[in-house]
4 protein chains.
Amino acid sequence: MSITNRVAPTSSGSTHADRFLEVRELTDTLTANLSAEDQTPQSMTDASPVKWHRAHVTWFFEEFILRTDPSYTVYDETYRYHFNSYYEAVGARHPRPDRGLVTRPGVADITHYREYVDSAMVDALERGALDDAALGLVELGCNHEQQHQELILMDLKHLFSTHAFAPVYVDREADETGEREPLTWRSVQGGITEVGAGSEASGPKSNGAGSGTGFAYDNEGPRHRVFLEDFEIAERAVTNAEWLAFIADDGYRRPELWLSDGWAHIRETGWEAPGYWQFTDGEWTTFTLSGRRRLVLDEPVVHVSFYEADAYARWAGARLPTEFEWEAAAVTGDVARGQLLDPTRCHPGRAGTTMIGDVWEWTASAYLPYPGFVPANGAVGEYNGKFMCDQHVLRGASAVTPRGHERATYRNFFPASARWAFAGLRLAR
Amino acid sequence: MSITNRVAPTSSGSTHADRFLEVRELTDTLTANLSAEDQTPQSMTDASPVKWHRAHVTWFFEEFILRTDPSYTVYDETYRYHFNSYYEAVGARHPRPDRGLVTRPGVADITHYREYVDSAMVDALERGALDDAALGLVELGCNHEQQHQELILMDLKHLFSTHAFAPVYVDREADETGEREPLTWRSVQGGITEVGAGSEASGPKSNGAGSGTGFAYDNEGPRHRVFLEDFEIAERAVTNAEWLAFIADDGYRRPELWLSDGWAHIRETGWEAPGYWQFTDGEWTTFTLSGRRRLVLDEPVVHVSFYEADAYARWAGARLPTEFEWEAAAVTGDVARGQLLDPTRCHPGRAGTTMIGDVWEWTASAYLPYPGFVPANGAVGEYNGKFMCDQHVLRGASAVTPRGHERATYRNFFPASARWAFAGLRLAR
Amino acid sequence: MSITNRVAPTSSGSTHADRFLEVRELTDTLTANLSAEDQTPQSMTDASPVKWHRAHVTWFFEEFILRTDPSYTVYDETYRYHFNSYYEAVGARHPRPDRGLVTRPGVADITHYREYVDSAMVDALERGALDDAALGLVELGCNHEQQHQELILMDLKHLFSTHAFAPVYVDREADETGEREPLTWRSVQGGITEVGAGSEASGPKSNGAGSGTGFAYDNEGPRHRVFLEDFEIAERAVTNAEWLAFIADDGYRRPELWLSDGWAHIRETGWEAPGYWQFTDGEWTTFTLSGRRRLVLDEPVVHVSFYEADAYARWAGARLPTEFEWEAAAVTGDVARGQLLDPTRCHPGRAGTTMIGDVWEWTASAYLPYPGFVPANGAVGEYNGKFMCDQHVLRGASAVTPRGHERATYRNFFPASARWAFAGLRLAR
Amino acid sequence: MSITNRVAPTSSGSTHADRFLEVRELTDTLTANLSAEDQTPQSMTDASPVKWHRAHVTWFFEEFILRTDPSYTVYDETYRYHFNSYYEAVGARHPRPDRGLVTRPGVADITHYREYVDSAMVDALERGALDDAALGLVELGCNHEQQHQELILMDLKHLFSTHAFAPVYVDREADETGEREPLTWRSVQGGITEVGAGSEASGPKSNGAGSGTGFAYDNEGPRHRVFLEDFEIAERAVTNAEWLAFIADDGYRRPELWLSDGWAHIRETGWEAPGYWQFTDGEWTTFTLSGRRRLVLDEPVVHVSFYEADAYARWAGARLPTEFEWEAAAVTGDVARGQLLDPTRCHPGRAGTTMIGDVWEWTASAYLPYPGFVPANGAVGEYNGKFMCDQHVLRGASAVTPRGHERATYRNFFPASARWAFAGLRLAR
């Protein structure tokens with residue numbers, strides 16, 4: 001698959017520019033109320049400073065699109081060093097664990113950098129200066145920035161959670177807890193099933209565009225056949241109320257429920273509840289982007305690791321779905337979109353029947369290449385393929401995933417111990 | 001799957017006893033020339049002392065078979081604490097990283113323990129005192145001990161390799177390097193394929209015995225259908241000569257060849273060649289159980305990690321096979337058995353066409369449960385299932401795998417960074 | 001010794017206020033050109049963010065002086081948690097390694113906090129509301145803030161040194177290298193000598209004021225007698241030129257020159273030159289608060305650890321002086337003050353004969369209590385005494401020590417491996 | 001000071017040989033009942049395997065005495081690599097943390113090595129082949145071996161303490177607890193005092209022998225003058241009963257009692273009692289070389305770190321003596337020798353008035369060179385001097401110090417956190 005195959009053609013340069021600016025503006029909206037201090041630190045190696053995210057996504061457009069135009073003047077040659085994330089092909093980078101020490105350029109410089117690149121990009125797009133390959137990279141860059149919009153909120157939440165007095169990113173009213181829905185199951189028939197993005201796997205091979213559904217990352221293809229047994233999948237995600245039952249039943253203290261790695265990890269970390277939960281004065285609370293809040297029972301549980309999701313499923317007498325079961329269920333079901341990113345909320349609401357848009361859902365699948373997978377050409381080929389080792393696939397999308405970035409074939413991935421993502425789970429059996 | 005389903009019935013108690021004693025004696029043969037000092041240390045957390053292995057496999061029979069007989073007198077109640085490996089259901093254990101500090105019981109005590117348990121086991125087997133379930137556990141225990149025979153040699157090799165003066169475990173003559181065979185490929189047709197041990201997946205479900213092929217671990221089942229694309233697989237494993245070409249072509253210095261984790265790992269460790277290799281005085285040598293030897297060019301490369309195997313395959317313009325491709329190729333091919341454990345050699349010879357018995361072969365597959373996998377009942381159910389996370393499947397068998405322990409459905413597994421196993425690779429495309 | 005004993009009485013409240021404001025303003029001057037981003041990160045556990053320093057020194061006045069007045073309104077109760085450094089008696093604190101993650105309060109809040117406390121302090125001082133004990137604490141707080149002025153510059157230098165492109169804190173012209181002065185020695189006669197701050201050790205014991213020389217920390221007393229042998233001390237500090245000779249003579253590669261701990265440390269860290277030095281394109285440079293600069297040969301060497309200072313002295317056929325020899329030499333010599341803090345320079349100049357004010361000088365002495373040492377009463381008693389373990393005494397003062405904070409009895413201390421202080425050495429024999 | 005200065009001349013070669021053999025035999029006696037397994041592991045980096053100690057002390061004689069005779073045939077050239085402890089001048093060594101992995105040579109080989117070297121040494125001594133310098137090294141080697149006799153017992157105790165079932169090295173009856181002696185104090189007058197081994201400091205300088213008291217290590221000299229204030233010192237060491245009072249008074253939970261490093265260390269380690277103590281079933285026990293035993297109340301407390309000793313002294317309203325106070329008290333007092341090494345006991349008995357021979361006593365002094373200290377010539381000069389950094393002096397001797405190895409000027413040293421030595425404390429004020 002090449003990137004350009006997946007780009008739905010748009011009618012005009014100005015449409016491309018609109019799309020570009022829409023994505024760029026959301027980043028600005030999300031970070032508008034953060035101080036220079038808020039945007040500077042890195043709370044753990046896996047996270048990055050907000051100002052780094054804002055510059056890095058900008059650098060992506062400059063590096064892969066604008067630089068190819070000999071008449072373009074690079075904004076600052078040192079930015080390549082500071083804002084390259086992991087592209088070995090692009091050259092040396094600042095050590096990842098030290099991103100929080102780079103005080104210069106500051107937030108004002110980065111805002112100016114964004115404006116400079118936006119202007120050059122819009123100019124190029126409106127002039128129609130970009131060929132299809134370049135337009136494919138623009139779309140990739142927009143998706144890349146959307147992905148970082150979610151990372152900004154995940155990383156900021158982690159940073160703020162280390163603060164002793166629970167800072168508030170967005171103020172909102174307390175949620176009401178509703179009636180807990182009983183868990184129901186849906187049967188899905190197995191057999192040979194097509195999964196993944198791109199051209200039909202069973203038909204004649206083609207280099208043409210996919211099934212018309214627009215952009216996808218290279219790791220979502222090729223579309224191919226898998227054999228599935230019949231299975232059942234839960235109609236909704238596991239809730240906080242259900243997780244409390246798991247805790248009450250000594251879920252975190254019974255080794256037989258856990259993978260060996262998971263058991264070792266919770267012994268070492270002392271985990272006894274999902275990330276950001278605290279039990280104080282007889283009450284469970286959780287840290288949110290609106291500060292510390294009382295736990296809402298019928299919300300989907302979020303900020304659990306793969307280890308915890310797997311142990312919960314075993315405790316519940318069920319299992320996690322594979323990513324292919326999940327996709328088959330998402331495609332065949334009548335599945336509403338959920339609570340995708342609303343900048344005034346940034347937190348999942350009550351668990352409904354949606355499979356996409358409340359919480360990312362851990363699957364039983366390791367993150368591996370699909371048969372025939374070929375990374376995209378050039379440096380952007382380092383985007384997904386080189387991480388296919390000891391990562392676990394999550395499907396769906398979360399309450400901080402930007403609208404338009406979600407789709408049924410999307411393959412998100414994290415290590416088994418990660419829990420700063422907005423990740424929950426759905427049972428299968 | 002229950003263990004007993006997989007046991008081929010034998011005609012009499014004495015046959016069971018013969019089988020049991022044959023396995024037990026090989027352990028004694030392998031360790032006969034090791035001093036008490038050789039048997040005591042633990043050279044890394046992943047490895048265990050030889051005397052621990054000898055006692056642990058014995059404890060397995062005592063714990064899961066003999067203890068169920070109320071008239072049996074346990075040899076020493078403290079041994080359960082010392083020689084339980086990881087069975088949470090059995091109770092507290094000595095911390096794994098400290099196995100090398102347990103000097104008491106010593107080697108002579110453990111030899112006596114082995115004799116005591118052997119005597120009780122043979123008595124029970126010859127009396128016909130064990131029911132089918134117990135006989136299934138005996139067979140499991142024999143396979144368990146065979147697995148530890150290989151571990152003894154792996155761990156001993158690692159221990160001896162830390163010695164400055166290359167101790168010799170078994171003396172043997174130098175190998176001759178022969179002509180290097182050009183690499184040829186075999187085509188395998190895809191489609192729906194049955195893989196795994198046990199009853200036919202496509203036929204009616206049954207609780208009966210498997211396809212008559214004898215013992216298998218629970219992780220090898222259930223037998224089930226997968227969909228494979230057509231593929232080609234190399235007729236032999238990658239050789240030392242080929243690996244030298246990879247090194248000469250800067251294979252260890254080109255990030256584009258490596259998974260992100262792999263690149264980080266070799267930067268951190270400084271790896272520039274397979275495990276045990278050394279370049280001294282203009283010559284490559286490798287440490288073997290016969291001391292340090294000149295590298296033999298047409299032997300299969302061994303002691304590479306998954307990271308290295310994956311990078312090599314990318315460099316070679318190929319890839320690793322999935323475990324299902326591997327199994328389909330092994331079952332359909334005309335594949336001779338290789339150089340399984342010969343106590344006078346303990347090292348692979350020249351690379352031939354065998355898929356089983358020279359080196360374990362890394363596959364592209366993560367170690368995950370097969371559809372419908374259920375761990376064995378009771379504590380022995382902790383044997384395989386709880387390790388199904390961030391491990392990678394190896395197929396085949398090696399030059400230190402005991403004869404009779406190899407089969408086409410066998411799923412060995414190690415973390416991506418491990419290279420003290422006798423592991424190499426075979427290409428697919 | 002109690003703090004108040006050491007405070008030279010001043011004639012009026014307004015004089016106290018002047019003194020207080022002068023110290024406070026220097027902090028503001030030093031940090032005026034630093035952005036919010038510059039003031040936020042913590043580049044290592046030993047260092048602190050600039051904004052933390054600015055708040056912490058302010059909190060000291062609020063905590064120990066203003067809070068004792070029941071009518072005083074605490075600025076923000078959460079600041080005690082954030083800006084207490086290590087006073088166990090005051091209560092829980094933010095974990096030291098995470099000071100760089102506290103984005104709120106921000107720089108503007110802290111500036112406001114400083115103004116609030118300044119106003120309350122000046123009011124109290126001008127009203128004459130403080131008794132002698134409280135005035136003693138004010139003087140202690142002023143000295144404390146001066147100490148942090150030096151720490152701000154040390155920590156900022158370390159932070160900026162991690163930046164790939166050498167930020168400039170203060171711009172200044174390049175230094176000229178002059179003629180290297182040959183090293184000369186001064187003889188000092190031994191015998192029973194009085195050292196330390198406070199009342200005469202040899203006279204009758206008294207609780208009265210010291211020898212009239214103004215403020216001293218508790219760790220500088222009691223004044224007491226020691227027996228010294230005759231010795232010689234170098235007339236100037238070791239220079240960069242001399243250090244280059246040490247490097248050229250394989251000083252960093254000869255184990256016989258090093259303490260065992262020092263040798264292990266340089267093997268582990270790979271140190272081959274003082275902190276901040278780099279050898280690039282055939283030239284030695286060093287990082288300064290004015291960016292990366294060519295090494296100036298006749299400046300005193302700075303940013304060496306105790307390990308390195310000790311090894312150098314052994315290489316030079318000499319040794320480090322004890323802190324008592326150093327003090328005896330400083331008191332008896334005709335010793336000019338050096339290059340104490342000049343905000344437009346912040347770097348030592350050419351090595352002269354001064355013992356105080358160019359670089360801190362490592363001594364051979366461990367940091368231990370003087371005979372009869374009693375920590376100050378109350379929480380401020382945690383200031384010095386509890387660090388008397390595995391630290392090494394430095395004497396003198398450096399080019400970033402505020403004027404007025406230096407004296408011959410001052411005992412600075414750091415661990416043997418520390419080298420972010422402006423520390424060099426002087427030989428004895 | 002040179003080593004030979006300190007050797008008391010003996011009348012004949014055979015007397016030298018007797019002395020040598022007496023020392024050597026004690027090592028054999030102490031290790032006679034340890035199995036090969038017991039002698040192989042290394043329980044922590046600071047400790048060494050018993051068989052390593054036995055070989056290392058033997059290598060010392062071979063390396064520094066026998067090798068200088070060209071007609072001597074080295075036993076095995078690889079032993080220099082394995083059994084050199086830290087003498088950089090002698091060449092490469094096996095990495096210290098991996099001493100427990102060296103299984104070859106084994107215990108039988110090392111026994112043979114000892115016999116071989118003994119034979120060559122006795123031959124040389126009886127032939128009178130050694131000059132005074134060499135005889136000085138023999139005496140140094142005998143003292144070195146005595147020091148390792150104590151280390152063997154310390155290290156073995158630590159190794160056995162990691163065992164779950166408390167192995168017994170030497171069986172003995174339970175101790176009776178007696179009446180606790182009330183603590184009394186002795187006054188010592190200050191002034192200028194001579195301390196250290198060797199010639200009189202106040203008299204004319206001489207290169208001749210010391211004050212006739214026999215062997216001393218280089219670190220005990222030169223004898224020199226110090227100035228002491230008057231002080232009082234406790235008549236006996238702190239007992240287990242007193243330590244229980246410290247625990248009961250929350251001694252381990254009150255930060256104001258602790259040095260900053262000590263407080264951090266006990267928070268990190270969770271220490272709540274001395275080393276080897278356990279509180280089980282309502283009773284305190286301690287691990288001894290005779291297995292786990294009920295705590296005996298009037299024994300001196302042992303296996304405390306410097307951190308704990310210092311905190312206890314502060315709690316008791318007292319302090320630790322400096323090493324010079326200690327020595328002045330030991331020299332002037334009427335001080336019986338205590339319970340020096342008895343191979344049938346290896347544990348201190350009831351606390352008496354002895355200053356030497358029950359437990360090593362932490363002092364307030366850092367381990368630093370005496371004025372004029374010069375290490376011994378050659379490789380043996382690496383013996384003591386290079387450790388003079390961040391170590392703390394202990395004085396006296398313990399119940400596992402060999403008889404004849406104790407003296408009033410002896411300077412033992414350990415890091416502040418070490419507690420596997422037989423170390424307690426005595427108060428001063």
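Student: What makes strand 8 (residues 360-366) of chain B count as mostly covered?

Tutor: Seven of the seven residues of strand 8 of chain B are buried. A residue is called buried if 20 or more other C-beta atoms lie within 10 Å of its own, exposed if 12 or fewer do, and partly exposed in between, with C-beta atoms placed from the backbone. A strand is a DSSP run of E of at least two residues, a helix a run of H or I of at least four, and both are numbered from the N terminus. This is a predicted model, in which local features need pLDDT of at least 70 and side-chain atom pairs count only at pLDDT 80 or more, whereas totals for chains, interfaces and linings use all residues. Residues are numbered from 1 along each chain as its sequence is written, while chains are lettered from A and ligands numbered from 1 in the order in which they are written.

Student: Which way do the residues of strand 8 of chain B point?

Tutor: Trp360(B), Trp362(B), Ala364(B) and Ala366(B) point one way, and Glu361(B), Thr363(B) and Ser365(B) the other; all are buried. In a regular strand the side chains alternate between the two faces of the sheet.

Student: How do you know that strand 8 of chain B pairs with strand 9 (residues 392-396) of chain B?

Tutor: Two strands pair if DSSP finds at least two bridges between them. Strands 8 and 9 of chain B share four bridges, in the antiparallel sense, and therefore meet that criterion. In strand 9, Gly396(B) is the bridge partner of Trp360(B). Strand 8 is also joined by two bridges to strand 11 (residues 423-424) of chain B, which runs parallel to it; there Trp360(B) stands opposite Ala423(B).

Student: Why are strand 10 (412-414) and strand 11 (423-424) of chain D called edge strands?

Tutor: In chain D, four strands form an open sheet of mixed pairing, in the order 10-9-8-11. Strands 10 and 11 each pair on one side only, which makes them the edges. Strand 11 of chain D has two bridges to strand 8 (residues 360-366) and runs parallel to it, with Glu361(D) opposite Gly424(D).

Student: What covers the buried residues of helix 8 of chain D?

Tutor: The cover includes helix 6 (240-248), helix 7, strand 8 and strand 9 (392-396) of chain D. Eight of the ten residues of helix 8 are buried, among them Phe306(D), Tyr307(D) and Tyr312(D). From the other side of this packing, helix 7 (residues 260-269) has Asp261(D), Gly262(D), Trp263(D) and Ile266(D) as its buried residues, and these pack against helix 8 (306-315). Gly270(D), with a positive phi near 75 degrees, follows helix 7, and Gly317(D), just after helix 8, has a positive phi of about 70 degrees.

Student: How do you know how chain C and chain D are related?

Tutor: Copies are superposed by least squares on the C-alpha atoms of residues with pLDDT of at least 70 in both. A turn of 180 degrees and a shift of 0.1 Å along the axis lay chain C on chain D with an RMSD of 0.0 Å. The two copies are thus related as by a two-fold rotation axis. The C-alpha of Asp390(C) is the one in chain C nearest that axis, at 2.4 Å.

Student: How many residues of chain A are in contact with chain C?

Tutor: There are 24 on chain A, facing 24 residues of chain C; contact requires C-beta atoms, placed from the backbone, within 7 Å.

Methods
Contact = placed C-beta atoms within 7 Å.
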